[in-house]
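Please open the model in a viewer and keep the selection tool at hand. The tour below proceeds from one pair of charged side chains to the next.

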Amino acid sequence: MSPSITGAAARVAGRPPRRVAVSVAAVTATALGLSVFVSGTALAHSGAGHGSTAVVTRAALDPSLVAGRGASVGFSEQEAENAATDGTVIGPGTAAYTLPAEASGRSAVSLTPGQYVEFTLPSAANAINVRYSIPDAPNGGGITAPLDVSVNGAHRSTMTLTSQYAWLYNQYPFSNDPNAGILFPDQWITECACVPDQTTPTPTVATPYRPNHFYDEQRLLLGRTYQAGDRIRLAVPAGSRAPATVVDLMDSQLVAPPKVDLLAANVLLFGADPTGRHDSANAIDKAIAFARKAHLKVYIPPGTYQVNRHIVVDNVTIEGAGNWYTVIQGHQVALSTPAAGGTSRPEAGGGSTHTDVGFYGKDASAGGSTNVHLSGFAIDGAIDDRVDTDQVNGVGGSFSNSTIDGLYIDHTKAGIWLDGPMTNLKITDNTIVNQTADGINFHTGVTHSTVSNNFIRNTGDDAIALWSDKTEDADDTIDHNTVQTPVLANGIALYGGTDNTVSGNLVADPIREGSAIQVGSRFGSEAFTGSLWITDNTTVRAGTYELNWNIGLGAIWFYALEKNIDANIQVTGDDFLDNTYNAIMLVSDFPVKDLYSITNVHFKDIKVDGTGTSVVSARVSGGATFQNVVARNVGAVGVNNCGSFNFTPAGSEFTLTDLGGNTGGGTTGPWLAPWELPNTITCDDRPPVVVPPVPSTW
């Protein structure tokens, strides 16, 4: 077993750092630095000749394969690789630090100046969202580049793309400098399998070192409604500064007219500037104070409002005209001294060295905020790095008996990071994209709360996490959310807790240092107690490669690093599709392999369609039961059972209990064959990988 992926130093408003590593092969692929756009990706084929029909997907799959799972959203997703283009399709590929791996569906289209990709609208639309990547500047900081938008051959608009908020490098917590050497030479790295400053001769690495977080996205209102069958062409004009513009996908949407609320405290009456030229923070504060006294809502009409600090909210309702119309836009501002209050006061900045736009509840130690309702606006920050002591999240602090609904949160550090204890919060129908850290995190003692019907894409850490740090998160529900392309860590992560539920979610394309769903005893979390229900979820193209351990993970993985995992865990009705390596993994870490175990986990009514390696990989002591687990297109032996690596004559320390109905298999026969039961050692962590076929109807 390879070294732990747990870092050494603690982080504020975050977990202890993860070591970010890369395989030797991936380093070779990216060694030419910014030429990753050309030579760091797999050039699959020219897109010329693709049809002009509208191909709508969800998580880059036929929607019928994921019906009833994930968020119900108001837009249609169309992958560029399915559209008409004279560009070049890149991918599919899963290697970390490459453009295909971070693309939805692991493929995208690369356009040089003069080339295009054209989408056919599947339904009426008046707005689009384009997910793209353009190169960084040679010394970091990003560039801008044009992208022409035409409809049915008539020019409509030119989008100005930017890479300012993309392109991170190096070890966690990363750098914006593509030319920097190793940030932490006292840490073990995979490139040399060594600690550089303890190695002679001192190893060197090519720069840019570990480039990642390549993509961004931009929204555009088209000014009128177009109909199904109309063609939207995205074209790179001649003379573009970007030698290549990669288009991953386009979302199209029919956006409703702006909401108007005449019976509210309108921020314009208090001096807010809808042009964004002048700071509106004080005006919004005044509107909030008036609304509380008058028992009114606060209304923020269409416009772009500059806010470069926290808006502290308590006992107030704030509504925008809709998140396409009302935009609260920030600029990252460096503070001459860290913000007062230390890390215990997130609403005051909590030791931050920078500030940016954010709506914050009062700190839990001061009683938190209650009866707060935020809806119908966008929070557009300007965070292009990761400083874990900075409180630069879209929404933060503590909220009880509150709702967060219909927000669009972009370019903040974490979209919604909440520090409890707190209770009865509902987070619904939000879109959170392009974060340098988590999407949503319930940190410390969040109870009786719900995260449902949210769409989260391109986070820099766990997209949704329950972190029972010092106090358990309990009776929380994560239901029917869609998560795509978390660049680091997991789609959904559970670190301790009691009686929580994860249901009906759709998680696709995790990239490194994690997978789709994790149940982990780590980051100092409290133990799992009571029950945990993981039901009716679908994962797609998960089971990623763990670069530090040099093995494949599972689409769902259980990790006993700091405590036993022995709560009643029911994994029922889940579908694990197109798993790059394993579907299910249960694992500890070598230094603690004889200290901690995983028991009382029950898998029932599971479908596994495609594994690069095994259905189950067990690298820990303990056991689990399996009932009606059906698998097909299995690439290696059905069960990779290493136990805790003592390899005694009695067999593995991990026991599989067959409760019946476990059928199907692949290249080596039935996935759960009698000879594997109950604890036959079948340990082979690195078997040949068989690329699964594209999932199909069962």
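Select Glu 118 to begin; in this predicted model, Glu 118 is buried, with a relative accessible area of 10%. Add Arg 231 to the selection: the two side chains meet in a salt bridge, at 3.6 Å from N to O. The pair links distant parts of the chain, since Glu 118 belongs to strand S6 (residues 116-120) and Arg 231 to strand S11 (residues 231-235), 113 residues apart. Arg 231 is partly exposed, because its relative accessibility of 32% lies between the limits of 20% and 50%.

Next, select Asp 509 and Arg 106. They form a salt bridge whose closest N and O atoms are 3.4 Å apart. Asp 509 is found in the loop between strand S42 (506-508) and strand S43 (517-521), and Arg 106 in the loop between helix H3 (99-102) and strand S5 (108-111), so the pair ties together parts that are 403 residues apart in sequence. Asp 509 is buried at a relative accessible area of 0%, and Arg 106 is buried at 4%.

Move on to Arg 619 and Asp 685, a salt bridge in which the closest N and O atoms are 2.9 Å apart. Arg 619 lies in strand S53 (residues 616-619) and Asp 685 in the segment after strand S58 (669-670); this pair links distant parts of the chain, 66 residues apart. Both Arg 619 and Asp 685 are buried.

Finally, return to Arg 106 and Asp 509 and add Arg 541: salt bridges that share partners join these three residues into one network. The structure holds 19 salt bridges.

Terms used: Residues numbered from 1 in each chain as written. Predicted model: local features only at pLDDT ≥ 70, side-chain atom pairs only at ≥ 80, totals over all residues. Heavy atoms only, no water. Salt bridge = Lys/Arg side-chain N within 4 Å of Asp/Glu carboxyl O. Helix = DSSP H or I, 4+ residues; strand = E, 2+ residues; numbered from the N terminus. Buried < 20%, exposed > 50% of the residue type's maximum accessible area, 1.4 Å probe, protein only.
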